[in-house]
Structure formats: structure tokens, C-alpha cells
Amino acid sequence: MSSWRILLTDGLQKAGKEILDFEASVDDRKGITAEELLSEINKYDAVIVRGRTKMTDKVIAQAKKIKVVGRCGVGVDNIDLKAAKENGITVVNAPGATTTSVAELTMGLIFSLAREIPRADAGMKKGEWLKKELVGVELDKKSLGIIGYGRIGSRIGKIAVSAGMQINAFDPFLTPETTQIDGGELLPFDEVITKSDFITIHTPLTETTRNLINDEVISKMKDGVFIICAARGGIIDEKALLDGLNSGKVAGAALDVYASEPPTNQELISHPKVISTPHIAGQTADAQKQASIDISTEVLAGLRGEKLRWKIV
């Protein structure tokens, strides 16, 4: 065994821990506070985090020995990438493990919006028979706008096509000449938002995508549009979405992520046309096991100085 010490700040599945234990000394400090992390980070050669832990510039400045920061998942907006690069720290993630789980939850939210399944269930539990009130829409022949056509977006597209939906996809890193969209086409952003009956967002949170879905964008959408987001909080301007719901412009929204988590915008969460889930898109046993394996092998590869599959910086 090497002398590497690896810190786990948000826990890790058994399969990943076993891989790490074979080559390193691992400290599982699930729930470690920001203050504790700041004072203890200098003891470690690598750290593996999830979305809760914030690897700020202050933490990274104290990480004198850290060579690799691993994000067990996709989004790295909780890691100061600029500070990591300046301090010679490699940042890696596990982008592929949760693809199916996120895609399947997204499709579940789309079906739930179309048929008001949560409202129907809640009514039954309260002894209400809402049969005449619950008139939904079919997905067949409806258009699905997918903003961000990477691993997750393209997976959703394949599932949606099997439900008879037409795909309108936007991705700034793809071109129509090099990208084949089954059951649809790659379009400019403005065309996607104006042509689609349902719109689902699958981009990272960056300065470019922050509040990407705002008042102006919503005003260009079809009347009665449905909006879904299981990507990152902050991509949708929550006030703009609430205004759209209240005006009737937006027929319904399904959210798994929020600007602050747990969310503080209770007016939005409790809106009768909103389905909300607590950031569970990647929370399947299958996805979490694979993510733990992927990030553990990647962090160890980084410590060895080997070629990396998912290097961010």
C-alpha cells in the first residue's frame, strides 16, 4: 500500500471504498463541516466530494499536499476550478455513471407533467375523485426541446422518440454537419425554445448558463409550454419561472434542482403546477455504485500520474 491519504467528505459506496482501500489510507468524514475541512485538508493527498462540500479558494489554498480533487458525480460548480489550476491540483469527475438515472427521472417528470400524476395520487390519498379535472396531454407527436445534447440529453432524446416525440436539440458544441439527431434535428437556441411543447435543460451551471431560462426566453416560448430541469439550480431564473406559471404562459414545471438547496422559494415549490423532487436524479443504487467505482479509479490514476479519462483541469 502507498502512503497516500484520501479524504471522503460526503461518503462513498462500498464498491468505491474497496478500490481506494487497496492502495491508500482512506478517512471517511461524511458530513465534515466547512471549518473542519479548512483546518484538516492539508493532511491529505486527494479528496473526493459530492455536491454538498464546497472546495472554495480558501480551502484549496490550505490544501498543501492535495494532488487530486474528485467529484463523485457530474457537476463541478462546487469546486473553484481557477484556484485548483493555479495551485496545480487536478480535478476529475465521473460524468457517465448517472446518465441513465438522470435521463429516466427526467422522462418520469415529463410523463408526470403531461398526466398530472402527482396531483392524481395526492387526491386519491385525500379521498378525492378528480377524474373530470385531470385532463392531460399525450406525448405522442409533441415536440421536446433538449437544451444540452450531451450524454444525458441524447439519452433522453432516444427515450422520448420511442414515446413518439419530435426532438428539437440545441448544443453550442455540436454542429448539424457532424451530429445526427434521431427523431429530430439540431437547431439554434431560439428555434428550440419557440418550437417546443416541452423543454428540458441539461447543461452545466456556468456564467454563460446562469439564468439561461429567464423572462425574455420564457416570453418567446409557446403558450402552455412545460419546463423540466434536473441539471443544476441557477440555470432557471426561479422568479421568471414563477411569473410564467402565474400568468399561464407556462402550463407546468418539474424541478429536481434549485438555486439554493434545500430550496427557499416555497411559493414556487408549492405552486399547483410544479412537480418538485429533492435533487434525486442521480440517486439510484446502480448509478451511485458506478459513480463510486469511476471516481475511485480516476483519483488513483491521478495520484499515479497516469492518463485520465475525465480530467476537468
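**Notebook: Thr179 and strand S6**

I looked up the contacts of threonine 179 and found that, leaving aside residues up to four places away in sequence, this residue touches Leu174 and Leu186. I note that the model is predicted.

I then placed threonine 179 along the chain: the residue sits in the loop that links strand S7 (166-170) to strand S8 (184-186). Is threonine 179 buried or exposed? I read a relative accessibility of 17% for threonine 179; the cut-off for buried is under 20%, so threonine 179 counts as buried.

Next I turned to strand S6, residues 143-147. I checked its burial and found five of the five residues buried, so S6 is largely enclosed by the rest of the structure. I recalled that side chains in a regular strand alternate between the two faces of the sheet. I therefore went through S6 by side, and both faces are covered. I listed Ser143, Gly145 and Ile147 as buried on one side, and Leu144 and Ile146 as buried on the other.

Which strands pair with S6? I found S7 joined to S6 by five bridges, with the two strands running parallel. Within this pairing, I traced isoleucine 146 to its bridge partner in S7, alanine 169. I followed the chain from S6 to S7 and passed through helix H7 (residues 151-162); this β-α-β crossover is right-handed.

I also found S6 paired with strand S9 (residues 198-201), in the parallel sense and over four bridges. Here I noted phenylalanine 198 in S9 as the bridge partner of leucine 144.

Definitions and conventions:
Residues numbered from 1 in each chain as written. Predicted model: local features only at pLDDT ≥ 70, side-chain atom pairs only at ≥ 80, totals over all residues. Heavy atoms only, no water. Buried < 20%, exposed > 50% of the residue type's maximum accessible area, 1.4 Å probe, protein only. Contact = heavy atoms within 4.5 Å. Pairing = 2+ DSSP bridges. Right-handed = clockwise from strand over helix to strand, strands pointing away.
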